[in-house]
Structure formats: structure tokens, C-alpha cells
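Please keep the sequence and the structure open beside this note while you read. The points below are meant to be followed one at a time, with each named residue looked up as it appears.

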Amino acid sequence: GIQGEGARLQLDFNYSLGAVFNNGSDDSDDFEDSHFLNAVASIEAIEDNLFIDVNANAGISLIDSTDTIAPDINAGSNNTTQTYSLSVSPYARYHFGTFADGTLRYNTDTFSTGTSGNDSDMTEWSLSLDSGRRFQVMTWGLSASYSDLSYDNDTNDEKTNVNSNFQYQLNRKFSLDFGLGYENYELDNELNDYDDTEGMTWDVGTTWTPNPRTTLKVSYGDDILGGNWSMDFKYRHRKSTITSSYTTSITNSRTERLDSIARNSSDINGDPLFYGDEDLYLDPLLPSLSSENIVQDMFRLAYQFSSKKTTIGIDASYAERDYQDPANPRSTEDFNTSISLSRKLSPVTSLTSRISWLQREETTADSDEEVLTLRVGVNTSLGVNSNLSVDFQHSDSDSSGTVYDDDYEENRVSATLGMTF
């Protein structure tokens, strides 16, 4: 990995190469290489006015969420594929004195999956104007955006949004939030459950800030999906961080994968992560690769405690998805939770452990699957530029029904020698 920061350039570059050799039961051997990349560059082209963001990513992703889940990238599975993404986003900022701050952004990105009909390109324009320092009691924001998403199966989805948001400060702890807008979807990948894809939107809610470390936002709004609640909670302390959110949205497998890459590229505090072997895992909560649109309810909860010698993490996610393909309408529910612990045993030796439990259910087919994974490892430094780790992993899958029908159990011991130079 490489990290660098200059007067007008910030760079975080992290690449890892994986390889798996499978000795098949039919005397066939298979060598699979995997590429993992997380690269972010921010350039200030013109001081205070023109900027360019560049993001490049590579990783391994599940193809079909209803097929067997590989416990990690080293398992070797026909249900995984190599993915690549690249985005370039120039944007301009202008300050209208103390009255407002404006941003005009253009974004173009490409997403390659190695599967037919799921490669895509998107272009997006957005314009925002936010209240400046002059406004203290009542703050406001105006925004407009247009996106055009094209798949290699000759389908095209366009989205237009115009929004206005206002926040009135009731007192030092509470504010009243409300917004009004308009949205229009022109979709080749139609929304099977919704006839009207154009109309006005509104939302009203409150923000509670009892202290500088805690923020809770709750709102209720109406759009083409109907009335829905949303929530966002953040708490940060010297050693602990808690985040939680709940949203209802129109999404797709492309958006969910790119969001997963962004989440797994940083820790709970938003700091960039550098890949270690434990970070190269498959996100089991992602929807199947396809171009169809999805109506999704998503709840997330994360907690992290960090001290000089010990780090404890708890993550939980729950997703309800209604797939909108008229030829294959279906609904799924996914729940995933994990607990991780790392402990520094000595100046050169550390212990890591992680237990995770995943439950998936396709409600339209009355089928479900549960996957339990336990991992324990020890890492020790052999010198200034080398280290040795030994890990044990146990995975157990239990499934029933017509969709999830593959049970498996795996025990694995691995030893890894790492060197830097």
C-alpha cells in the first residue's frame, strides 16, 4: 500500500493479489487469481475552486445470492466473480460570500462484473447550493441531479431529482427538519410493484444533538414508494463508536456493490483500511448480480471499542428486498451479525477472533439458509520486515427449501508468512 499527501494531492493506494489452486476430483486442476484494489486520489486542480476525485476498486463478489455462499475468497466457488470499478468526478466550488456555498459536480464511472448483461456505465450531473454562515437559526439547501445508467444488455435507467431542505434550530439540542422535492424515473428495468414513477416528494423530522459526540436524526416522508421512516444515529467517544441507520430506497445490485466497497474500504470512523488477509471476505448481504431494480429496506448497526491492547467490534445488518423484475418477482430477507475481538498479547504477538452468523430467507419460495463461521488466529512478528500468522476457521451451512439446498461443513488451518520490502 501507498499513502501520500501533498499541497494539492492526497493518495491512498492499496493492492493485494490472491491465488487459489484447486485440485478437482475429476483430475482437473484449476488456478484462480484474484485482484483486490482500493485506490483513492483527490486533486485540487485550481486552488479553492476546482477539484478532481478518482476512485478505482477491484474485488471478488457473489454472483447469485440464492446460491451457496463461499465462506471466503479462498474457498473456490462457481458462485463468485472478479469485479472492477473506476470513477472520475471533477467538481467546482464557489462561495457566495456568507450567503451560500455552491457545488457543481460531474461523475462518470464504469463497473465490470465478468458476467453477461451486468456490466454498466453511468454518468451523473449534480448541482447544490447550501446556506452560508449568515444563516444560523434557519439553514437551507437546494439540490438537483440527473443520472443515466446503461447496461450491456441494452437497458437504460434515467433518474432526475430536485430537492429543497430546511432545518430550523428550536434550541441547542433539537431542530425541526423538513424538505420538499420532485423525482422522475425513466426505467427500462421497470418497477413491477409501482405504476407511478414520477411525482412530488416531502419529508419532515427532527435532529437531536444532546452533545457534540451524539447525533440522532429521525424523519418520515412520502415519495413514489409511499410513506416511509428513516433514521440515522452516531455516537463517538474517546474509545467507543456507535453508528446505526434505517432507510427505504430504490436500488440495484450495482449500487449495493459499490456502496459495499466504500464501507469495507474504511473503518467505523471513516479512516481508510489497508488490506490484510482478514479483510478479503465476501459480503453475504449483497443482492444477486442483475440489472433489475430493487425496493430495499435496510437496517445497520455497528459498535467498536478500541484501547491500547484490545479492539472489539459488533456489526449487524438486516435487509428486506422486493425484486422488481416482472418475469421473476420475489422477496428476500437477510440478517447478518458478527462479533470480532483482537488482543495484543505482547509487543510482537496478537490474537484475533471473529464469529459471524448469517440467515437468508426467500419468502416467496419458503426457503432459508443459515451459515455460521468461526475464526481464531495468532500473528507474531519475526523481525522488522516479516511476520507469521496461523489461523483456524470453521464454517457450517444448514439450508432447507427449494432455493437454498446445499449444506456444507468446513474446517481449515492456514499459515501465512508475510514480508515487506
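1. In this predicted model, strand E19 is joined to strand E20 by a hairpin that runs through four residues. The two strands, with E20 covering residues 386-400, pair in the antiparallel sense over 14 bridges, and within this pairing you can look for Val371, which stands opposite Ser397 in E20.

2. Strand E19, which spans residues 367-381, also pairs with strand E18, residues 349-362, in the antiparallel sense and over 14 bridges. To follow this pairing residue by residue, begin at Gln359, whose bridge partner in E19 is Glu370.

3. Stepping back to the whole protein, the secondary structure comes to 21 strands and one helix. Of the contacts with a separation of 6 or more, 52% are made by residues that are 24 or more positions apart. Of the 421 residues, 34% count as buried, while the protein exposes about 22900 Å², with carbon and sulfur atoms supplying 54% of that area.

4. Which residues make up the largest nonpolar core? There are six in all, namely Tyr185, Leu191, Ile224, Leu225, Ile250 and Val295. If we leave aside the neighbours within four places in sequence, Leu191 is in contact with Thr197, Ile224, Ile250, Asn293 and Gln324. As general background, nonpolar side chains in soluble globular proteins tend to be buried together.

5. Is Asp109 buried or exposed? This residue lies in strand E6, residues 100-112, and because its relative accessible area is 10%, under the 20% limit, Asp109 counts as buried. The side chain of Asp109 makes a polar contact of 2.3 Å with the side chain of Arg254. Not counting residues up to four places away in sequence, Asp109 touches Arg254 as well as Leu86, Ser87, Ser120, Asp121 and Met122.

6. The aromatic rings deserve a separate look, and the count of aromatic pairs comes to eleven. In one of them, the rings of Phe99 and Phe135 have their centres 5.6 Å apart and their planes at 65°, so this pair is edge-to-face. Phe99 lies in the loop between strand E5 (80-96) and E6, whereas Phe135 lies in the loop between strand E7 (120-131) and strand E8 (138-151), so the pair ties together parts that are 36 residues apart in sequence. Phe99 counts as partly exposed at 35% relative accessibility, and Phe135 is likewise partly exposed, with a relative accessible area of 25%.

7. Another aromatic pair, formed by Tyr106 and Trp125, is tilted, with 4.7 Å from centre to centre and 50° between the planes. Since Tyr106 lies in strand E6 and Trp125 in strand E7, this pair ties together parts that are 19 residues apart in sequence. Tyr106 is partly exposed, with a relative accessible area of 24%, and Trp125 is also partly exposed, with a value of 46%.

8. Finally, please return to Phe99 and Phe135, which form one aromatic cluster together with Trp140. When you examine such rings, remember that a pair of aromatic rings is described by the distance of the centres and the angle of the planes.

Conventions: Residues numbered from 1 in each chain as written. Predicted model: local features only at pLDDT ≥ 70, side-chain atom pairs only at ≥ 80, totals over all residues. Heavy atoms only, no water. Buried < 20%, exposed > 50% of the residue type's maximum accessible area, 1.4 Å probe, protein only. Contact = heavy atoms within 4.5 Å. Areas by Shrake-Rupley, 256 points an atom, 1.4 Å probe, with all protein chains shown as cover. Polar contact = N/O pair within 3.5 Å; in protein donor to acceptor, adjacent residues only side chain to side chain. Core = buried A, V, L, I, M, F, W, Y, C linked by side-chain atoms within 4.5 Å. Pairing = 2+ DSSP bridges. Phe/Tyr/Trp six-rings, centres within 6.5 Å; stacked < 30°, edge-to-face > 60°.
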